[in-house]
Amino acid sequence: MTPPDVDASPLEHARRLAEGGDLDGAAAILSELAADPAGPHRAQAAVGLAVVLEQRGDAEGARAAARVALATGHPEYGAQAACHLAQGFERDERDDQARGAWQAVLGMGAPEYAVLAHLGLARLAVRQDDLDGAELELRAAIGIGDPHLGARAAQQLAELLLYRGEPGEAADTLLEALAEAPETEVPRLRVQLGIAHLELACAEFAGAIEEGEDPGTSALAIELLARTLPLRGRDDDAEQVWSYGLNHADAALADEVRLRLGRDTLSAGG
């Protein structure tokens, strides 16, 4: 057991005990502080106790401690406690309770935790196939202005928009995020933007195929679409595009597609 430091506050001493691996000693100090209704550090101690008890494997005890902190109404430690509860409920797939806890975070009015709450509510909405609800939560998370979490929210929103077949809006979302994103988040956003551009390209190539009348242009669009789709993991769709071109009623178009596909065979044969 770590020897006590007479100059350290009880909270600091408990923190040092926990960091040193003495979870029982830390829990004893934090339990005493959290049990004092008039104590000035009750909320902070209760949050710390929740963390220590969870590390000890006492999930229900940790939740009870978090509820004590939440009941104090402290804007910071109450919000931390609600986050702790929400994350635990999410892990246990207790979605209704998780949703209530995340909403409690929003009710605390602490913007640094509100973005976590919106992200959590977005995850829960996706689990329920409520994509409109998820989009609203992600946009709310972005609107708070946290540089790191806002960038993550933008990436998740772009993924959702791509899934819904809205690559243009996904690209706009990512470009806006890149203008404010910290350097550590830029590579992820750029990769996602590239994916959005690939989807935009596929949509334009498909449109050119549907509307084109010139065999050469249509054959080029077929080739480009068929070669781009595998980059998105859509090999079967690419095969269908090649087949569409090779079996087209316009013989000139079919011949042009055959020539373009044949270049692969020539390259493979050396």
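**Exercise 1. Getting to know Ala66**

Ala66 is found in helix α4. In this predicted model, work out whether Ala66 is buried or exposed, and which residues it touches.

*Solution.*
Step 1. Start with the accessibility: Ala66 has a relative accessibility of 0%. Buried means under 20%, so Ala66 counts as buried.
Step 2. Next, look for its contacts. Leaving out residues up to four places away in sequence, Ala66 touches Ala46, Ala50, Ala81, His84 and Leu85.
Step 3. Finally, look along the chain to Gly212, which is 146 residues from Ala66. The C-alpha atoms of Ala66 and Gly212 are separated by 63 Å.

**Exercise 2. Finding the cores**

Find which residues have the most contacts inside the largest nonpolar core, and which elements give two or more residues to it.

*Solution.*
Step 1. The largest nonpolar core has 39 residues. Those with the most contacts inside it are Leu30, Leu49, Val52, Leu53, Trp102, Val105 and Tyr113.
Step 2. Two or more residues of this core come from each of α1, α2, α3, α4, α5, α6 and α7.
Step 3. Apart from this core lies another one, of 25 residues, including Ala158, Leu160, Leu161 and Leu162.
Step 4. Here is some background: in soluble globular proteins, nonpolar side chains tend to be buried together.
Step 5. Zoom in on Tyr113. Not counting residues up to four places away in sequence, Tyr113 touches Glu76, Ala79, Gln80, Cys83 and Val105.

**Exercise 3. A histidine in α7**

His118 lies in helix α7. Explain why His118 counts as buried, and list its contacts beyond four places in sequence.

*Solution.*
Step 1. The relative accessibility of His118 is 14%. The cut-off for buried is under 20%, so His118 counts as buried.
Step 2. With residues up to four places away set aside, His118 touches Leu106, Glu137, Ala140, Ala141 and Ile144.

**Exercise 4. Two loop residues with positive phi**

Locate Glu93 and Asp129, then describe their phi angles and their exposure.

*Solution.*
Step 1. Glu93 lies in the loop between α5 and α6, while Asp129 has its place in the loop between α7 and α8.
Step 2. Glu93 has a positive phi of about 60° although it is not a glycine. For Asp129, also not a glycine, phi is positive at about 60°.
Step 3. To put this in context, most residues other than glycine have a negative phi.
Step 4. Exposed means over 50% relative accessible area. Glu93 has 63%, so it is exposed; Asp129, at 67%, counts as exposed.

**Exercise 5. Helix α11 and its partners**

Compare the span of α11 with the expected one, then find what its buried residues pack against.

*Solution.*
Step 1. Helix α11 covers residues 186-211, which makes 26 residues. From first C-alpha to last it reaches 37 Å, close to the 38 Å expected at 1.5 Å a residue.
Step 2. The buried residues of α11 are Val186, Leu189, Gln192, Leu193, Ala196, Glu199, Cys202, Gly207 and Ile209.
Step 3. These buried residues pack against α9, α10, α12 and α13.
Step 4. Now take one residue from α10: Ala170. With a relative accessibility of 0%, Ala170 counts as buried.
Step 5. Ala170 and Ala196 are 26 residues apart in sequence, and their C-alpha atoms are 6.4 Å apart in space. Beyond its neighbours within four places in sequence, Ala170 is in contact with Ala158, Leu161, Leu162 and Ala196.

**Exercise 6. Two pockets**

Describe the volume and lining of the largest pocket, then do likewise for the second largest.

*Solution.*
Step 1. The largest pocket has a volume of about 280 Å³. Its lining has 16 residues, of which Ile142, Gly150, Ala154, Glu176 and Ala177 lie nearest the centre.
Step 2. At least two lining residues come from each of α8, α9 and α10. The most come from α10, which gives 6 residues.
Step 3. Sorted by class, this lining has 7 nonpolar, 3 polar and 6 charged residues.
Step 4. The second largest pocket holds about 230 Å³ of space. Among its lining residues are Leu11, Arg15, Leu30, Gln44 and Val52.
Step 5. α1, α2 and α3 each supply at least two residues of this second lining, which divides into 7 nonpolar, 3 polar and 2 charged residues.

How values were computed:
Residues numbered from 1 in each chain as written. Predicted model: local features only at pLDDT ≥ 70, side-chain atom pairs only at ≥ 80, totals over all residues. Heavy atoms only, no water. Helix = DSSP H or I, 4+ residues; strand = E, 2+ residues; numbered from the N terminus. Expected span 1.5 Å × (residues − 1). Buried < 20%, exposed > 50% of the residue type's maximum accessible area, 1.4 Å probe, protein only. Contact = heavy atoms within 4.5 Å. 1 Å grid on protein atoms, 1.4 Å probe; cavity = no way out; pocket = protein on both sides within 12 Å on 5 of 7 lines; lining within 4 Å. Points joined across faces, edges and corners; volume = space filled by probe spheres on them. Nonpolar A, V, L, I, M, F, W, Y, C, P; charged D, E, K, R; others polar. Core = buried A, V, L, I, M, F, W, Y, C linked by side-chain atoms within 4.5 Å.
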